[in-house]
Amino acid sequence: MTADKNSRPKARLAKGFRDVAPEEIRGLRRMLAKIEAVYEAYGFEPVEQPFVEYTDALGKFLPDQDRPNDGVFSFQDDDEQWLSLRYDLTAPLARYVAENQQKLATPYRSYRQGWVFRNEKPGPGRFRQFMQFDADTVGSASPAADAEVCMMAADTMEALGIERGKYVVKVSNRKILDGLLEAISIGQAIGQDRRLRVLRATDKLDRLGPQGVFSLLTEGRKDESGDFTEGARLSDAQADNVMRFLGFSRNVERGYIKDNLLHASANTNQGWLEWLENRVELGVTGKAGLDELKQIANLVGASGYGERVRIDPTVVRGLEYYTGPVFECELLMETKDEDGHTVRFGSVGGGGRYDDLVARFTGQPVPATGFSIGVSRLYSALKLVGKAEERATLAPVVVLVLDKGAQGDYWRMVSELRKAGIRAEMYVGTAGMKAQMKYADKRGAPLVVIQGGDEKAKGEVQIKDLRLGAELASGIASREEYASQRLAQVSVPEAELVAAVKKALARE
RNA sequence: GCAGCUGUAGCUCAGUUGGUUAGAGCACUAGAUUGUGGAUCUAGGGGUCCCCCGUUCGAGCCGGGGCAGCUGUACCA
């Protein structure tokens, strides 16, 4: 019964979601296995968690509404409790640790990989369902834990075949920015709203450049589409300090430029530390952040990662839960976008320290730090540089069903092939021979096995090489010639089926 | 959220100043083969021209409103 024409649903993929093709699944699995191997080697333990959590466990109720935040997919169960699809892997981990604290060895080191969901407008390369691969150390306040996560991220990139120098793990510290805001708002508390604007503005340096960031720090900015973004309304002197934090100094003729002093120290971790210490007003909190950054720099330097793990104040990351060091892993390879412009591939992962997340549940402070890889983004990057391993598994040999009464014979042939380690299937549809050939062709089958009444009487089977056949047929012009031959087809005794198939496959 | 662009067959798209029965390519089905895919040829199926209202003798085309999609921007744990 077909549905009434008017009530037929449209077959369409939900906006922001994706079907994943077989080659990509195979390539992804290989990539995930390599990441996992690195995390295992570092001694992290796997854990798997559900897609769904109670909404309040994710911390996403808006204060004045009983409806959860619309960035999150939420629904009510039979008991009218609000549930949400997880939007990252960190909030659920905090719940897990808070709930199982007594059982877990502290510091608890875990990794996990899975789908997360965001109910947002999708864009190019941005989906409403995507995969993350996280590793976290919960229960250690030591900068060693932060440094370790960064070095592990670097090792992961290399395990995936991204050469040294083609990626960088950038490190900054949220406390420095906090301290800087403290320092510039002496005598007048800067509102939370304006604080967020400063953070957002600094995060846009790569896209808008120093002048754009300065506009957002001060009076605001109008973009090409005419949309106006409100600024943080800092004074020039306050904004100047923020710009210096990012490594820019004001130049009378040219506005903000990369500072020469910084360049003179060759953009090293040591150079950045000195710059921040001497040229930026940091306040008490900022000094503490700088001290943490120094310790991380020392650790990665001593371990030989100083070139790969770099201090970079332009890293801001998410605004809400990070409390200290923040990281970002960026790929430096250049690529062309659809308009032919060369663009850097950009960020494929990030993370940081979130010391308050577990305390939400327990009231006890539990320091934690972690790193999250954007699996889909990283995968498209690997694909672009030819490091994705999508090689297709060979499609199965198809055994045609010409005589429906002889299915037992066909079944036996298929199982012999399988025992010999050859992917094989018996045609399970109901169509005739012609359609079965079409099926095998579309499927990409290398060979078909044919046994009708004639062959059976002689105790033989026909093996037809579809790929060779296609090659031979391309030279044929007339239909008569084409129809008169049995291209790339051999007849062998039943007993030699497996050997003949192996031989034909070996030719490919 | 804001701005711009676009909605015609399963897919990609033509469609003249508003004028009969709305087209192509691809895909699909059948035939040219007693039992042979991919080339070629023939035939066939498939349409609420996004929806509603209006203008008109007449709307895929013009006007208004809505909806959906795309792009940019804002937000993004």
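Student: Which residue of β12 does Val171 stand opposite?

Tutor: A good place to start! This is a predicted model, and in it Val171 stands opposite Ile311 in β12. The two strands involved are β7, residues 167-173, and β12, residues 309-311, which pair in the parallel sense over three bridges.

Student: Is β7 enclosed or open to the outside?

Tutor: Count how many of its residues are buried. In β7, five of the seven residues are buried, so the strand is largely enclosed by the rest of the structure.

Student: Before we go on, how should I read the confidence of the model?

Tutor: Begin with the general rule: where pLDDT is low, the predicted coordinates should not be read in detail. Here chain A averages a pLDDT of 86, and 88% of the residues score at least 70. The model also scores ipTM 0.81 and pTM 0.88.

Student: Which elements of chain A have the lowest and the highest mean pLDDT?

Tutor: Helix α9, residues 260-264, has the lowest at 60, and helix α4, residues 143-159, has the highest at 97. Look at the start of the chain too: over residues 1-5 pLDDT stays under 50, and the model has one contact beyond four places in sequence for that stretch.

Student: How many helices and strands does chain A have?

Tutor: There are 19 helices and 20 strands. The chain has 508 residues, of which 34% count as buried. To see how the sequence folds back on itself, take the contacts between residues at least 6 apart: 68% of them join residues at least 24 apart.

Student: Which residues have the most contacts inside the largest nonpolar core?

Tutor: They are Cys150, Val171, Leu180 and Leu217, in a core of 90 residues. Helix α4 gives the largest share of this core, with seven residues. Val171 is the residue we met opposite Ile311.

Student: What is Cys150 in contact with, leaving aside its neighbours within four places in sequence?

Tutor: Its partners are Val169, Val171, Val300, Val309 and Phe327. There is also a second, separate core, which has 23 residues and includes Val414, Leu417, Ala445 and Leu466.

Student: How do I describe two helices that pack together?

Tutor: Two packed helices are described by the angle between their axes and the distance between the axes. Try this on α6, residues 192-203, and α7, residues 205-217: they pack at an angle of about 145 degrees, with axes 7 Å apart.

Student: Which residues of α6 and α7 meet?

Tutor: From α6 come Arg197, Val198, Ala201 and Thr202, and they meet Leu205, Val213, Leu216 and Leu217 of α7. Sorted by class, this contact has six nonpolar residues, one polar and one charged. A rule helps when you look along a helix: an α-helix has 3.6 residues a turn, so residues three or four places apart point the same way.

Student: Now a sheet, please. What is the order of the strands in the open sheet of five?

Tutor: The order is β17-β16-β18-β19-β20, with mixed pairing. At the edges stand β17 (424-426) and β20 (489-493), each with a single partner strand, so one side of each is left without a neighbour in the sheet. From one strand to the next, the twist averages 25 degrees.

Student: How does β18 pair with β19, and how with β16?

Tutor: Compare the directions of the strands. β18, residues 447-450, runs antiparallel to β19, residues 460-465, and four bridges join them. Within that pair Leu447 stands opposite Asp465, while Ile450 stands opposite Gln462. With β16, β18 pairs in the parallel sense over two bridges, and there Val399 stands opposite Val449.

Student: Are the faces of β18 covered or uncovered?

Tutor: Both are covered: Leu447 and Val449 on one side, and Val448 and Ile450 on the other, are all buried. Helix α19, residues 497-507, lies across β16, β18, β19 and β20, and runs at about 10 degrees to β19.

Student: One last spot: where is Leu384?

Tutor: Leu384 is in helix α13, residues 375-384. Leu384 is partly exposed, with 14 other C-beta atoms within 10 Å, whereas Val375, Ser376, Leu378, Tyr379, Ala381 and Leu382 of α13 are buried. Thr335 is 49 residues from Leu384 in sequence, and their C-alpha atoms are 7.9 Å apart in space. Just after α13, Gly386 takes a positive phi of about 75 degrees.

Definitions and conventions
Residues numbered from 1 in each chain as written. Chains lettered and ligands numbered in written order. Predicted model: local features only at pLDDT ≥ 70, side-chain atom pairs only at ≥ 80, totals over all residues. Buried ≥ 20, exposed ≤ 12 C-beta atoms within 10 Å, placed from the backbone. pLDDT = per-residue confidence, 0-100. Contact = placed C-beta atoms within 7 Å. Core = buried A, V, L, I, M, F, W, Y, C linked by C-beta atoms within 7 Å. Pairing = 2+ DSSP bridges. Axes fitted to C-alpha atoms, helices over the stretch in contact; angles between N-to-C directions. Nonpolar A, V, L, I, M, F, W, Y, C, P; charged D, E, K, R; others polar.
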